[in-house]
Structure formats: structure tokens, C-alpha cells
Amino acid sequence: MKLLSILIILLTSKTFAESAALETVRESDKLIIYSATDLNAIESVLEAFKIQNPQIALEYHEFDTQELDQTIRAESLANQPDVVISSAMDLQVRLVNDGYAQPVLGEAVAALPSWANWRNEVIGFTYEPIVFVYNKKAFQGKTVPLTHESLASVMRNEHDFFIHKVGSYDARRSGIGYLVATQDEVTSSISGRLQESLGRARTKVYGHTAILLDDIASGKLLFGYNLLGSYSLGREKRDSRIGVVIPQDYALVVSRAVFISKQAKHVSNAQRFVNFLISKEGQDVIAKKSELVALFPDIDSLVSQQDVQDQTINFHPIPLGPALMVYLDDSKRRRFIKAWENALLPSSSE
Amino acid sequence: MLMTEKSYSIRTRMLGRSALLLLSIFLILSLGVWHYARQSANYSYDRLLNSASLSIMEGLHVYGKQVDLDLPYAAFEMMQLADEDKVFYQALGTQGELITGYPDMPLPNEFNEDSAIVFYNAHYLSEEVRVVIRHKRLSEPAVSGWVTVVLAQTLRARHKMMNDILYRSFAVLFGIMACVMIVLWVAINRALEPLSSISKSLASHSLISAKPVQATPIQEVSPLVNAINDYQVQLLSNLAVMKRFIADASHQIRTAQSATQAQLDIASQSENLADLPEHLSKIRKEHERLTRLTNQLLTHAMVVHRGDTVVTEKMDIERVMKQLLTECVRDNAHRMIDFSYQCEQQLPLFMGDSISLREAVRNLLDNAIYYGPEQNQIEICLQMDSSGIDIIIDDAGSGIPIELREKALERFQRLENGLNGSGLGLSIVTSVAEAHGGEFYLEDSPLGGLRARLHFPNEALS
């Protein structure tokens, strides 16, 4: 797997000249972030932080969720980053459980909803619903399924329409995919039936949201199941070819989890950064400028893009806590992946 | 009264000591509460740990020839009831091999194979943890043996619960202590109130006025009020005696002075020089009486004063008596009086005031000489027995009839008006005897006259 490591020092145009002149950045002014977040989704947030704290030089390394977890565990204590961000809440919780984090200080932490905070050590700073994405052109004149229930039946009834045209995350490769799939099993009673339907439709599995969205937009796929809402809603704004549905029976909500490494070398910068993420200013930037969704979203604006408004959506935020570690258990994971493969990829198991 | 202690407030002292006592009770109770809080927190969360480990044990199954764990989501949701605590777990197979979970969980110090479940504290991944180990026997055809589940949890929720119980209990304890202190404060003030009301009424009250301090219904205080009133009655009677004494003394002095004055007037107006010696002799007699009266008044005052101030020293009574007798014999050499002295034993040293004792005996001797006949016999006799020392002065005079003896001891009472007595002599002797803790008796003398006996009990002897 290719390591997507991008080292950038974010600079606004104003400070560019100065920094270039100084050339070297003082060690104490650094802030090293390891993150499983698309840079273009979070860039505006980093820039806003940079404007508030021009003296801090940000070093942003991008990984995918499982790589990130493996990197943190493999890295020597001296090479640990300052801040770790990932939407794979389960992996983040396990890292914290294993003692990789230190508490985040500040009053804003106490104000967080309880599902977005565990031990003050790992904190959720976004509110990203898990959504359905569809190709608008293909669904012209058709009813877009708005619930898991209706999706299951429509896939069964219109087998020819959906076959080879449905995409979802690869639970084996994608951390967020695995989290969402397991939480589906925990939350919903019809997840087994739905997995079966997805299997029958010969669902294609992907490691990255961006590629999945590309394929839906291009018409290679007609429907995407269980996609990360932040990227999808962001793409929907720019790309008129796709539509996004927040399922109405229940919508899992993933919160991008951040923690400060126990071995952080720039603790005060890290504290400042995490506090910025959950501060009013930070949340404003997340809500208005980034592709992410702020913690206390304006639900109406999310739903307004959807046709139906008469039903309230049952949002189900995934709480940060040790229960998330259950499906990370090796034996449990083997068992789940086996069942998932059997259901979703019947051809490969044959 | 000697002030050996620094002055202190009984209120402050009582409150201080009560506060100290309460504080020690508070500390002892706190220790108990702390113990209780720790136990209940441990008890509650051990049960949680126990249930969760049981639930995990339920997830252990035999698949083919392998034991495998299907980690139950419910077990972790249960653990999440301690919502801020980390969770570590491990499942071991029949050979002790790791099935799943954390590979290096801490083992208990003492491992007891027999018990199905063991709780212990340990240190893991730089956290203090409470661990439970649970064993279960599998007896399937393919696999048989003991399987183990180890489950650990950090202590945050326990500490939180313990602190919660502690703070609440402390608040209650503290409240009770504060209430007790307030009640004590009120009670002590209430108890001391009569004291201040008595001192207030005493301050506005003149002891010389005959009005007693008002009686109190408080049983504990009435003895004090009674004592004060008794003291007042005594003081008033002493004061009355004093007033009478001063009135009597001034009357006596004035009488003697006016008699002298009258004789002087008569002498100066007399034209017959031949009468002059007779007048002079009368004037001299009156003057002698006045002098004697003045001397005795002064002696009386001195004796009373010395008796009050208790100036005592070790003295040899025999020597004092002999000296007195010598003086007496010398002064009365012109009279036909037969003096004798009798002392059969060696007397021990006597604790007393030699000056007042001398004055007393001297008065007795003077009385015997003065009121006795020209041809008299006076004997000083010192005796000692088990009860004490007696100083006895016998004379052969006319004596005092029994019925008048008591009266003779009162001040300014003279039995024979013909002679120049002040009426103070015997009262001086009584005062001296009392000042030495002794007694004074008038009795019949074997010589025919009066016997004056001073008795000093043994306590006065050194």
C-alpha cells in the first residue's frame, strides 16, 4: 500500500516571505500532525489556526486510517507526532486505551457531548453522518431509497438495475469502512439482510471515499452505501452529478477523533490546536469553510438538500469508549470479516 | 488566695476542649468513612468486573479443535458503566496459550489454582488496574481443560465513587459537628449565665445593707447565693460588734477624761492648800485609770491585729513565763504577794506569737495582783498532757462567782466598780487563746481564789 505521506508547512501568503528568509523553523514552534483526513477537507481549518498562531509551523502528514494506527504503534517513542487525527474512532480509542494519549486541558472539553469525549484524552470534533450517495442521472424518475429498509427491498426488487453498480467501503482495508460496518451490526437489526442484498448486487468495495465518489459521479456506479457524509456532502456541493441521502430510519454519525500523543514534543502547541478545533472559532471554520461538518451542525441545512423534510432523522452518534474495541479483537475481527466476505463477496469465497 | 494559675475563661476552655474532643471524634469517624467508601467502591465495581468477565467467559466456545472467543459486545457495554476507565482483557486456552486480547496481562502475586475467580490490583501500561481472573473447565470431546479469562479495568470510577461517598459523608459529619458546637456554645453560655447574673446583682448590691442577695430557683446556684448571704450576715454581725466596741471604748475614754477634768477643776478652784494633796491623789488615780484603759485598748488592738496576721514563731514557753514572773516579782516587790512557779515536765517548743502570749499572761497576773488582797499568793503552773499544754494562773483572792464568770469574759464588763478596771483584760486573753487555736477558762483555784487556765491543743506544738 502506498504511503500517502505529504509533508507541508502551511503558510499564508503574508508570512511566506518571512519564513522563507528565516529558512529554519525553531524546534519549539513546530506542531506535527498525523492525520487520516484528506488535506483539502481540513486545509481551511489548518489555515485558520495558522492565522491565529502565526508563530507555529504546522507539519501535516496524511495517512489512511489503518496505516495511521500501524505507524503510531510502530514508531519509536522519540518519533511520536504531537496530534493524531482519524475518523476511525475505534482505532483511536484503542490507541488511547493502550496509553498513547495524554489529557486535553481546557474548559471547552467539559462542554463536549459525552459521546464525543472519552477520559478527556480522545475527542470528537466533527459530526459526520454516514450517508447514501447516488448518481442523479441514473435515478432520474426513480425513487431514491431514504431508509435502510427501503434500500434492502429496492435492491432485491430491482436486481438488474443495481447489479455491479453498487459501491461501498472495503471493510478489510478501510478503517472507517470496518467501523461503519460493525456499528451497523450493533445498531440495526436489518444489517444482515442488507449485507445479503449488497452481496447479491455484487457490490464493489473501495479503500478510499474519493475514488468511490468519482465512480458514482462518472456513472460507473449508481449507488454508494455507507459513505462518510463529510466528503460526500462536500462533493455534492461542487458536483451536480451526485446526490446525498441521510438515511431517515437511523443515521450513524462518525466523529473525527483527535488525541494528543503522550510523547508529544510540542505539548502546548498541541493543546492549543485541539482546543482550537473544539472552540467556537474552530467549529465555525469547520462548519463554513471546510468539507467537514461541525459538532453541533445546523441539521436543517444538512437535510435541506434532501427532498423530504417531513420526517425527522434519527441521528445515532457513535460514542467514543472502550466498547469500540470489541470489533478490533483479532478473533472477533476474523469472525466478522469472514461473515462480511461471505455476505458481500460471495464470488471470492466460492 | 494565691494565684498560682494564669487567669482563664472557663467558656473558652470548655469550648476549646469540646472542639478538640469533637475533632478527634471527627478524625476517627473519618477513618471509618474512608474505609467504608473504599470498600463500597471496590465492592460495586468488582461486581461489574465480575459480571463482565462472566459474560466474556460465555463467549468462549470450541470450534473444531480450537477454543475461540467471540467477544460479547454486552461485556464491554457493561464495562462502559465505568465510563472513563480503560479496559484490558485476555483469553487463555487450555495449554495457557493466548487465544485473543492483550498478550502480557499482569498476573497476581499469589496464584491459587483452586478458586474459580481471583481479584487483585496490578500495574499495566502505566496505569493502576483492578484485575479479575476467571477459570472455567471445558470438557468437550475435542478439547478439555481449564480456560482462563483475564479482565482489567483502571481505577478512575472507583476513585470517583469513593471520593463522592467521602465528600458527602464529610459534609454530613462536618454539619453534625458544627451543630454540636453550636449547641455546646449555647449550653455553655446558658450554664454560665447565673454566674454573670449573680455578679451583676452583687455589683449593684451593698454588702452593708441588710438586704440579702435574691434567692435563685436554680438548684446548682442556690448554695452560692446562700453562702454569700451567710457571709453577709457574719460580716454584718462583726461590723455590729465593732461598732459597739468603738462606742464603748469612746464612752470609757470620755468618762475617764471628764473625771480627770472635774478633779483638776476642783483642785484649781480650791483655796485651801491643805486639801491639795488629796486632790492630787484623786487626779493621779483618775489618770492611772485612763492610762491603763488606753494601754489595754492598744494591747487589745495589737492582739487582735497579730491574731489576724498570724505571726508565729517557735518559742520556749518556760523561758517566757519565767521572764514574766521575774518582771512581776520585781514590779511588786513592795507588796506582800507570794509568787511561785511550777513546771514538772520538759515542755516542747511552742508555735505561737510570744508577744501576744506574754501580753495575755501578763494581763492575768496583773488582774490577780490588782483585784486580789494585799496578802496574796499567785502561782504560775505549766502542765502538759495528751490533749495539749495548759498555762494556769492561780490566786488566793476572792475569785469570781460561777454565774458571773461568763460575763467577766465580755468586753467592758467590770464586776467591782470600786477598782480601776477597764474591762478589757480578760477579753484580750480570750482573743490570744483563740488566735492560737486554744481556749480560755475561768475555774476555781485550789488556793481559794480564781484559776485562769489557757489551754492550747497539741496542734500548736512544734
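Two strands count as paired if DSSP finds at least two bridges between them, and that idea will carry us through much of this structure. What you have in front of you is a predicted model, in which local features need pLDDT of at least 70, side-chain atom pairs count only at pLDDT 80 or more, and totals for chains, interfaces and linings use all residues. Residues are numbered from 1 along each chain as its sequence is written, while chains are lettered from A and ligands numbered from 1 in the order in which they are written. Helices (H or I, at least four residues) and strands (E, at least two) are DSSP runs, numbered from the N terminus.

Let us start in chain B, with strand β11 (residues 376-385) and strand β12 (residues 388-395). These two are antiparallel and share eight bridges; in one of the pairings, B:Glu379 has B:Asp394 of β12(B) as its bridge partner. Both strands belong to an open sheet of five, ordered β9-β11-β12-β14-β13 in chain B, with mixed pairing. At the edges are β9 (337-343) and β13 (439-444) of chain B, each pairing on one side only. From one strand to the next, the twist averages 15 degrees.

Now look for helix α7 of chain B. It lies across β9, β11, β12 and β14 (450-457) of chain B, and runs at about 20 degrees to β12(B). Angles here run from 0 to 180 degrees between N-to-C directions, and axes are lines fitted to C-alpha atoms, for helices over the stretch in contact.

The helix has a helical neighbour too. Two packed helices are described by the angle between their axes and the distance between the axes. For α7 (residues 354-371) and α9 (residues 425-435) of chain B, the axes come within 9 Å and cross at roughly 145 degrees. Residues are in contact if their C-beta atoms, placed from the backbone, lie within 7 Å. Among the α7(B) residues that meet α9(B) are B:Leu357 and B:Leu364, and the α9(B) side includes B:Ile428 and B:Val432.

Moving to chain A, strand β1 (residues 30-36) runs parallel to strand β2 (residues 57-62), and six bridges join them. Here A:Ser35 stands opposite A:Glu62 in β2(A).

Finally, where do the chains meet? In all, 15 residues of chain A are in contact with 19 residues of chain B. On the chain A side, helix α15 (residues 330-344) gives the most, with four residues.

Definitions and conventions
Contact = placed C-beta atoms within 7 Å.
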